[in-house]
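User: Please examine one part of this model closely and describe how its surroundings fit together.

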Amino acid sequence: MAKNNTKFETKLVDYAGHSLIPERDMGHFPVLEMRNLGIDFGGLTAVDNFTFTLGKTEIAGLIGPNGAGKTTVFNLLTKVYQPTRGTFLLDGQDTAGMNTVKINQAGIARTFQNIRLFDKLTVEENVKVGLHHDIKYGLASGIFHSPSYRKKEKEARERALDLLSIFDMQKFADVPAGSLPYGAQRRLEIVRALATNPKVLLLDEPAAGMNPSETAELMENIAQIRDKFQISILLIEHDMNLVMGICEGIAVLNYGKIIAKGTPAEIQSNPVVIEAYLGKKKEA
């Protein structure tokens, strides 16, 4: 596993006797409290007893071998799937019964393992899709381009360009999203998710397809996003340099169950984690 070279290392402290969160987040409700989450598909248990706490401004990682259930956890958190067991709290509010629209409005946004942009729309228009909660005007205003419509559109464009500037992508505002390089499409997905004003940003393999230079820049961007918007970020990632370099707390999933939780240093030295990734050594 990658060496822990985090520049963003912070102290984790005990919360409520059963969780660790960054010291700076003490005094706030954890933004996410996942309690015994589980889901079955037929007779197969995909995720079981998933319990994890995310501090209000924490950058955390969810890692594990392929097929461990990581994306299923994201689907539970975004209500693509309703849990068979357990629940989770968002800013102290029980999310039981919420659907995908309600959970997004409540403050959870995500990117996807397989990019899901509107290829034919421009970069700016893709970001405006994420701003739909804030762009409100009547049908007549839209048809006749009333002063209120023009004002809202101007505000939306300014907001979209401001968000794009996080990745220095405002210069591509009028370019079709499908024509962007792969790494830029990944970044655009993050910007679109941020446009929904989330409290929690879920990133599903954000560094996939990026070269080492792009990945290093992405690490800086993730930290910048956390600091600028004061949100928490939970990411799934196979690039251990990124995970160990930026995550403060890490949960390791294997066969749908958490097998370890802790800081990057603790995870790297955990023999159960090493065995899950590398396999058990055969005795001579």
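Which residue in strand 10 does Ala-60 stand opposite?

Analyst: Ala-60 stands opposite Leu-234 in strand 10. This is a predicted model, in which local features require a pLDDT of at least 70 and side-chain atom pairs count only at pLDDT 80 or more, while totals for chains, interfaces and linings use all residues. Residues are numbered from 1 along each chain as its sequence is written, and side-chain values rest on heavy atoms, with hydrogens and water left out.

Strand 10 spans residues 232-236, and 5 of its 5 residues are buried. Here buried means under 20% relative accessible area, exposed means over 50%, and partly exposed lies in between (1.4 Å probe, protein chains only). Helices (H or I, at least four residues) and strands (E, at least two) are DSSP runs, numbered from the N terminus. Both faces of strand 10 are covered: Ser-232, Leu-234 and Ile-236 are buried on one side, and Ile-233 and Leu-235 on the other.

Strand 10 has pairing partners in strands 5 and 9; two strands pair if DSSP finds at least two bridges between them. With strand 5 (residues 59-63), strand 10 runs parallel and shares 4 bridges. With strand 9 (residues 200-204), the pairing is also parallel and extends over 5 bridges; within it, Leu-203 stands opposite Leu-235. From strand 9 the chain passes through helix 7 (residues 212-229) into strand 10, a right-handed β-α-β crossover. Right-handed means that, with the strands pointing away from the viewer, the path from the first strand over the helix to the second runs clockwise.

Helix 7, the connecting element, has 18 residues and reaches 26 Å from its first C-alpha to its last, close to the 26 Å expected at 1.5 Å a residue. The expected span is 1.5 Å times one less than the number of residues. Its buried residues include Leu-218, Asn-221, Ile-222 and Ile-225. An α-helix has 3.6 residues a turn, so residues three or four places apart point the same way. The cover over the buried residues of helix 7 includes strand 5, helix 6, strand 9, strand 10 and helix 8 (240-246).

Helix 6 (residues 182-194), one of these covering elements, is itself largely enclosed by the rest of the structure, because 12 of its 13 residues are buried. Among them are charged-type names such as Arg-186, Arg-187, Glu-189 and Arg-192, together with Leu-188, Ile-190 and Val-191. Its end C-alpha atoms lie 19 Å apart, in agreement with the 18 Å that its 13 residues should span at 1.5 Å a residue.

A second sheet, an open one, contains 4 strands in the order 4-3-6-7, with antiparallel pairing. Strand 4 (44-54) and strand 7 (93-94) are its edges, each pairing on one side only. Helix 1 (residues 70-77) packs on this sheet and touches strand 3 (32-41), strand 4 and strand 6, its direction making about 110° with that of strand 3. Such axes are lines fitted to C-alpha atoms, for helices over the stretch in contact, and the angles run from 0 to 180 degrees between N-to-C directions. Thr-53 lies in strand 4 and counts as buried at 6% relative accessibility. Leaving aside neighbours within four places in sequence, Thr-53 is in contact (heavy atoms within 4.5 Å) with residues including His-18, Leu-20, Pro-30 and Glu-58.

For the protein chain overall, the secondary structure comes to 10 helices and 12 strands, and 50% of the 284 residues count as buried.
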